[in-house]
Amino acid sequence: MRSALLETLIASAAYLLAFLVTFEVVMPLQNAFFPEYPSHASLLFLPHGIRVLTAWLLGWRAIYALLPAVLLVFVYLGGMDAFLPSRLAAIGIAVITVPLTFYTLKVLGWDLFPKPDAAPCWPCVMGVGIVTSLLISGLTNLAFGSATVEFFAYLIGDVAGLFFLMLGLLLVFRVTRRRA
């Protein structure tokens, strides 16, 4: 019980921090440089990277670990509309799709989960992030009834957010290894 609570606190805090950086730093810059951009989606959505890495590390437990933060983000952005059926569907899509994809790949014989005796396949994790971004963007657009431009905006933001988050973490790991 204690470890599940700790996982939830860490994953949800990371998701909320990524959300705050995205919406308080990236989005104002995006709006300044691209004022004519028709979508309200971020072109650098860091929380997708948190979703992917959390699902990779925790498997199914990622659903419970991320759910509080995803729900808080939806309430922050939409108020009580977060509890509309379309928004609840989007919340479910956001927390279930990535772990489901990792487990589907495992069942198909491609186990990408971390192992103590093997180096991570970072390009594989990135590939799962791209596939899940396609799924999440498409399913979320269906739930919201959004225009096609929103699909591409979500897709670009998710992939860019995952890429830059992973790049940043790889740099941190490299610096940490050199100091050790």
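**Exercise 1. Find which residues of H1 are buried, and what they pack against.**

Solution. The buried residues of helix H1 are Glu7, Thr8, Ala11, Ser12, Tyr15, Ala18, Phe19, Thr22, Val26, Met27 and Gln30. Buried stands for under 20% relative accessible area, exposed for over 50%, and partly exposed for the range in between, with a 1.4 Å probe and protein chains only. Helices are DSSP runs of H or I with at least four residues, numbered from the N terminus. The buried residues of H1 pack against helix H2 (46–58) and helix H3 (61–78).

The model is predicted: local features need pLDDT of at least 70, side-chain atom pairs count only at pLDDT 80 or more, and totals for chains, interfaces and linings use all residues. Residues are numbered from 1 along each chain as its sequence is written, and side-chain values use heavy atoms, with hydrogens and water left out.

**Exercise 2. Place serine 12 and list its contacts.**

Solution. Step one: serine 12 belongs to helix H1, which covers residues 2–33. Step two: serine 12 counts as buried because its relative accessibility is 8%. Step three: outside its neighbours within four places in sequence, serine 12 is in contact with Ala65, Leu66, Pro68 and Ala69. Contact here means heavy atoms within 4.5 Å.

**Exercise 3. Compare the length of H1 with the expected span, then locate its bend.**

Solution. The expected span of a helix is 1.5 Å times one less than its number of residues. H1 has 32 residues, for which 46 Å is expected, and its first and last C-alpha atoms are 45 Å apart, close to that value. The bend of about 35° is at valine 26, and proline 28 follows within four residues. The bend at a residue is the angle between axes fitted to the seven residues ending there and the seven starting there.

**Exercise 4. Check the confidence of the model.**

Solution. pLDDT is the predictor's confidence in each residue, from 0 to 100. The protein chain averages 92, and 99% of the residues score at least 70. By helix, H6 (residues 148–179) has the lowest confidence, with a mean of 89, while H3 has the highest, at 97. Where pLDDT is low, the predicted coordinates should not be read in detail.

**Exercise 5. Describe the aromatic pairs around phenylalanine 102 and in H6.**

Solution. The whole structure holds 8 aromatic pairs. One of them joins phenylalanine 102 and phenylalanine 113, with 5.6 Å between centres and 40° between the planes, and is tilted. Rings of Phe, Tyr and Trp (its six-membered ring) pair if their centres lie within 6.5 Å; planes under 30 degrees apart count as stacked, over 60 as edge-to-face and the rest as tilted. This pair links distant parts of the chain: phenylalanine 102 is in helix H4 (residues 85–107) and phenylalanine 113 is in the loop between H4 and helix H5 (122–144), 11 residues apart. Phenylalanine 102 is buried because its relative accessible area is 1%, and phenylalanine 113 is buried at 13%.

Phenylalanine 151 and phenylalanine 152 make an edge-to-face pair, at 5.1 Å centre to centre and 80° between the planes. Phenylalanine 152 is partly exposed, since its relative accessible area is 44%. Finally, Trp60, Phe102, Tyr103 and Phe113 form one aromatic cluster.

**Exercise 6. Analyse H5 through its span, its buried residues and two of its members.**

Solution. Step one is the span. The 23 residues of H5 should span 33 Å at 1.5 Å a residue, and the end C-alpha atoms are 32 Å apart, so the two agree. H5 is followed by glycine 145, which has a positive phi near 70°.

Step two is burial. The buried residues of H5 include Cys124, Gly129, Thr132, Ser133 and Asn141. Among the elements that cover the buried residues of H5 are H2, H4 and H6.

Step three takes two residues. Serine 133 lies in H5 and is buried, with a relative accessible area of 0%. Beyond residues up to four places away in sequence, serine 133 touches His48, Tyr154, Leu155, Asp158 and Val159. Threonine 132 is also in H5 and counts as buried at 0% relative accessibility. With the same sequence neighbours set aside, threonine 132 touches His48, Val52, Thr97, Val98 and Thr101. The C-alpha atoms of threonine 132 and leucine 155, 23 residues apart along the chain, are separated by 9.4 Å.

Key
Helix = DSSP H or I, 4+ residues; strand = E, 2+ residues; numbered from the N terminus.
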